[in-house]
Amino acid sequence: MVTLLSAVVPCYNSEDYMDRCIDALLTGGPQVEIIIVDDGSTDRTGAIADDYAARFPESIRVIHQPNGGHGAAINAGVRAAQGKYFKVVDSDDWLDPAALQKVLAELVADTFDMLIFNYVYDKVGKKHKRVMQFRRALPQNRQFTWQDVKLQPGKYILMHSVIFRTAILQDMHLTLPRHTFYVDNLFVFEPLPHVRTMRYLDVDLYHYFIGRADQSVNEKVMVKRIEQQLRVNRAMITYYADLHLTDPHLARYMQSYVGIVTGISSIVLLNEGSMASLTQRHALWQFMARADPALYRKVRHSLVGWGVTLPGRVGRRMSLAVYHMLQRFYSFN
């Protein structure tokens, strides 16, 4: 049987939770190849991965490599992938088995560049799990193009909610930065100009486990790693500035994506509150203005851009108040 989906599982010291992720992927059967990338783990992650590969040699391959970070693990997975389609599943997350069967049926039935589906914020201690879905923003039951994408301001497509055609990632030689957190934004962002056809499947496939104190999206952790967030943010700005897009619909979405990530960077810096952080926030916006003045004007005058650049102490307090309201509603970190 032809391998339909390559599911890459980046692992670093994941011994406590990787079983749930891998067991869920195994329900996909022979159509799914599981590539576990042991990224220089110092616990039993590598041994657990090898044990899975020994028990399920027809489904699982293991790559052991020196620690290079999330991006390096994804890079290794892209190079090794043999499936027609490609999915990243972080080792503390998992896919719903019933939804996975529906996704595989969709991948068999048609050929497209990107499949989009829903994801669930599976937050620690929360009985109600917030589902991020795209029913009103994307057409259903047919292929579509960027012209049909009607995402509301503030809503964007994360790594959790996409499957790419593998050839797109391999042909463009997608290479994410090493030893850098938050590269999932680049993983989704950089292939977009190569995506021509899409499909949306209204199923809750991806469970995004959130709430551990050491997670990269934890507020305190983001403050400590703000330089890495800014590195990714600047890389997105530079990448967009070099594109010279001719499709206005794709350009509009990518501008919005840059705006969201720049808004997140700005809020983290505002939350930290020091003069140094406020200087960094100003420098980020000036970087965008120099790199692509047209992009800067679009983002700066968007709802997100306006919301995170309100002047003065009162403006900063208002920006943070809106952020914390959205945080409670969406439970995103």
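Strand S4 (residues 85-88) and strand S8 (residues 162-165) run antiparallel in this predicted model, and two bridges join them. Phe 86 has Phe 164 of S8 as its bridge partner. S8 also pairs with strand S6 (residues 114-123), again in an antiparallel arrangement, here through three bridges. Phe 164 appears in this pairing too, as the bridge partner of Met 114. Phe 164 of S8 therefore has a bridge partner in each pairing, Phe 86 in one and Met 114 in the other, with two strands pairing if there are at least two bridges between them. In a regular strand, side chains alternate between the two faces of the sheet.

A parallel pairing is found earlier in the chain. Strand S2 (residues 32-39) and strand S3 (residues 60-65) run parallel and are joined by six bridges. Asp 39 stands opposite Gln 65 in S3. Between these strands the chain passes through helix H2, going from S2 through H2 to S3. This β-α-β crossover is right-handed.

The helix of that crossover, H2 (residues 45-55), packs with helix H1 (residues 18-26). Their axes are 11 Å apart, and the packing angle is about 20°. Because angles under 35 degrees count as roughly parallel, H1 is described as roughly parallel to H2. The crossing of H1 and H2 is right-handed. On the H1 side, Met 18, Asp 19, Ile 22, Asp 23 and Leu 26 make the contact, and on the H2 side Thr 45, Ile 48, Ala 49 and Tyr 52 do so. By class, the residues of this contact are six nonpolar, one polar and two charged. Asp 19 and Asp 23 of H1 are in the contact and belong to the charged class.

Another helix pair is formed by H8 (residues 226-241) and H10 (residues 275-291), whose axes come within 9 Å and cross at roughly 15°. That angle makes H8 roughly parallel to H10. The crossing of H8 and H10 is right-handed. H8 brings Glu 227, Leu 230, Asn 233, Arg 234, Ile 237, Thr 238 and Ala 241 to the contact, where they meet Gln 280, Leu 284, Phe 287, Met 288 and Ala 291 of H10. The residues of the contact of H8 with H10 divide into seven nonpolar, three polar and two charged. Among the residues in the contact, Glu 227 and Arg 234 of H8 fall in the charged class.

Methods:
Residues are numbered from 1 along each chain as its sequence is written. This is a predicted model: local features need pLDDT of at least 70, side-chain atom pairs count only at pLDDT 80 or more; totals for chains, interfaces and linings use all residues. Side-chain values use heavy atoms; hydrogens and water are left out. Axes are lines fitted to C-alpha atoms, for helices over the stretch in contact, and angles run from 0 to 180 degrees between N-to-C directions. Helices (H or I, at least four residues) and strands (E, at least two) are DSSP runs, numbered from the N terminus. Angles under 35 degrees count as roughly parallel, over 145 as roughly antiparallel, 65 to 115 as roughly perpendicular and the rest as oblique. A crossing is left-handed if the near helix is turned anticlockwise from the far one by less than a right angle, and right-handed if clockwise. Contact means heavy atoms within 4.5 Å. A crossover is right-handed if, with the strands pointing away from the viewer, the path from the first strand over the helix to the second runs clockwise.
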